[in-house]
Amino acid sequence: MSLIELKDVYKIYNEGQENQVNALDGVTLTINSGEFVAIIGTSGSGKSTMMNILGCLDISTRGEYLLDGNPVSQKSERELSELRSRRISFIIQGYNLIPSLKVWENVALPMTYQHIPLAERKERALAALEEVEISSKAENKPSQLSGGQQQRVAIARAMATRSPILMADEPTGALDSKTGAQVLSLMRQLNAKGTTVILITHDNGIAAQADRTIRVMDGHIVHDSLWDGILVPAEAAAGVKGA
Ligand SMILES: Nc1ncnc2c1ncn2[C@@H]1O[C@H](COP(=O)(O)OP(=O)(O)OP(=O)(O)O)[C@@H](O)[C@H]1O
Ligand SMILES: [Mg+2]
C-alpha cells in the first residue's frame with residue numbers, strides 16, 4: 001500500500017469566476033513510505049497548494065487523496081487536524097513556530113496532542129534540540145533566533161514528535177548556502193531513520209539532493225524522475241527514446 005496517493009486531484013480557487021485559478025489541474029501521484037522527494041517548480045506553479053493538500057491542511061476541489069490508504073477528502077476539520085498531529089510534521093518558512101512559546105515548548109507542542117506526559121515531552125524536546133545543536137536556546141523565544149536556527153528548531157520538533165512524514169516548504173529558501181546545507185543534512189538524517197520527506201523548493205541544486213524529483217508547472221506534474229528510463233509499452237514497441 002502506498003503512503004500517499006493522489007488520484008486526478010484538482011484545487012480550483014474562485015471556481016466559475018473570472019479570476020478562477022486551477023492551482024492543481026488533475027494531479028495523479030504516488031509516494032511510498034521512506035521516500036525523499038523534492039517537488040520543484042517556479043513561483044505560482046502550485047507547489048504550496050500541493051503541500052497543503054498532501055499535508056491535510058486543505059482539501060481538494062475534486063479528485064481523491066488516500067493517506068495510508070484512507071480517503072482524506074471526506075474528513076471533517078477535526079479529523080484532519082487529528083490526522084496531522086499523528087502523522088505529519090511541517091517546516092514552513094516564516095511562520096513555523098509559535099512566538100509566545102519558548103523554543104522547547106514549540107518542540108514539545110505536537111506531543112501534547114499525542115497525550116504524552118509533560119516530563120517526557122520536555123525530555124524528548126531537549127534531546128531533539130541537542131541533536132540539532134541548539135539546546136542553548138531552549139529557553140529563548142523563537143524571535144531571538146536566526147532564520148536557520150528556527151528551521152533547525154522545526155526539524156527538532158519533527159524529530160521529537162516522531163512523525164512518519166515531514167513536509168517542508170522552502171526550508172532553505174531564506175538561508176545562506178552553508179546553513180541551508182545543514183538543514184538539508186538534518187532532513188537526510190531523519191529520512192535515513194525512516195521518515196518520509198517531501199521537500200518543496202524552486203532551487204534545482206537543492207532538488208538534486210533528493211532521491212526523486214517531481215516538477216510542477218501550471219498545476220500539472222510535467223516531470224517525475226521516476227519516469228526516467230521507464231518506457232510505456234507502446235513506446236518500447238516503437239523503439240521510442242532509443243532504449
Ligand atoms: N487562496 C488562494 N486564492 C486564490 N488563488 C490562490 C490562492 N492560493 C494560491 N493561489 C494561486 O494558485 C496558484 C498556485 O499557488 P501556490 O501558492 O501553490 O504556488 P507556489 O508554487 O507555491 O509558488 P511560490 O514558489 O511562489 O511559493 C497561484 O497562481 C496562486 O496565485
Ligand atoms: Mg509556495
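**View 1. Helix H4 has the length expected for its residues.** Let's begin with a quick check on helix H4, which runs through residues 118-131 of this predicted model. At 1.5 Å a residue, the 14 residues of H4 should span 20 Å, and the C-alpha atoms at its ends are indeed 20 Å apart, so the two values agree.

**View 2. Helix H4 has a buried side and an exposed one.** Look for Arg121, Arg124, Ala125, Ala128 and Leu129, which are buried in H4. These residues cover an arc of only 135° around the axis, and therefore sit on the same side of H4. In an α-helix there are 3.6 residues a turn, so residues three or four places apart point the same way. Now turn to the other side of H4, where Ala119, Glu123 and Glu130 are exposed.

**View 3. Ligand 1 has oxygen atoms beside polar atoms of the protein.** A polar backbone atom of Gly44 is 2.8 Å from an oxygen atom of ligand 1, and one of Ser45 is 3.2 Å from an oxygen atom of the ligand. Thr49 uses its side chain instead: a polar atom there lies 2.6 Å from an oxygen atom of ligand 1. On its own, ligand 1 has 640 Å² of accessible area, and the protein covers 59% of that.

**View 4. Strand E2 and helix H1 each give two or more residues to the shell around ligand 1.** E2 spans 21-31 and H1 spans 47-54. Helix H1 gives the most, with 3 residues. Among the residues surrounding the ligand you can find Tyr13, Val21, Ala23 and Lys47. Sorted by class, the shell has 3 nonpolar, 7 polar and 1 charged residues.

Terms used
Residues numbered from 1 in each chain as written. Chains lettered and ligands numbered in written order. Predicted model: local features only at pLDDT ≥ 70, side-chain atom pairs only at ≥ 80, totals over all residues. Heavy atoms only, no water. Near = heavy atom within 4 Å. Polar contact = N/O pair within 3.5 Å; in protein donor to acceptor, adjacent residues only side chain to side chain. Areas by Shrake-Rupley, 256 points an atom, 1.4 Å probe, with all protein chains shown as cover. Helix = DSSP H or I, 4+ residues; strand = E, 2+ residues; numbered from the N terminus. Nonpolar A, V, L, I, M, F, W, Y, C, P; charged D, E, K, R; others polar. Expected span 1.5 Å × (residues − 1). Buried < 20%, exposed > 50% of the residue type's maximum accessible area, 1.4 Å probe, protein only. Arc of directions from axis to C-beta.
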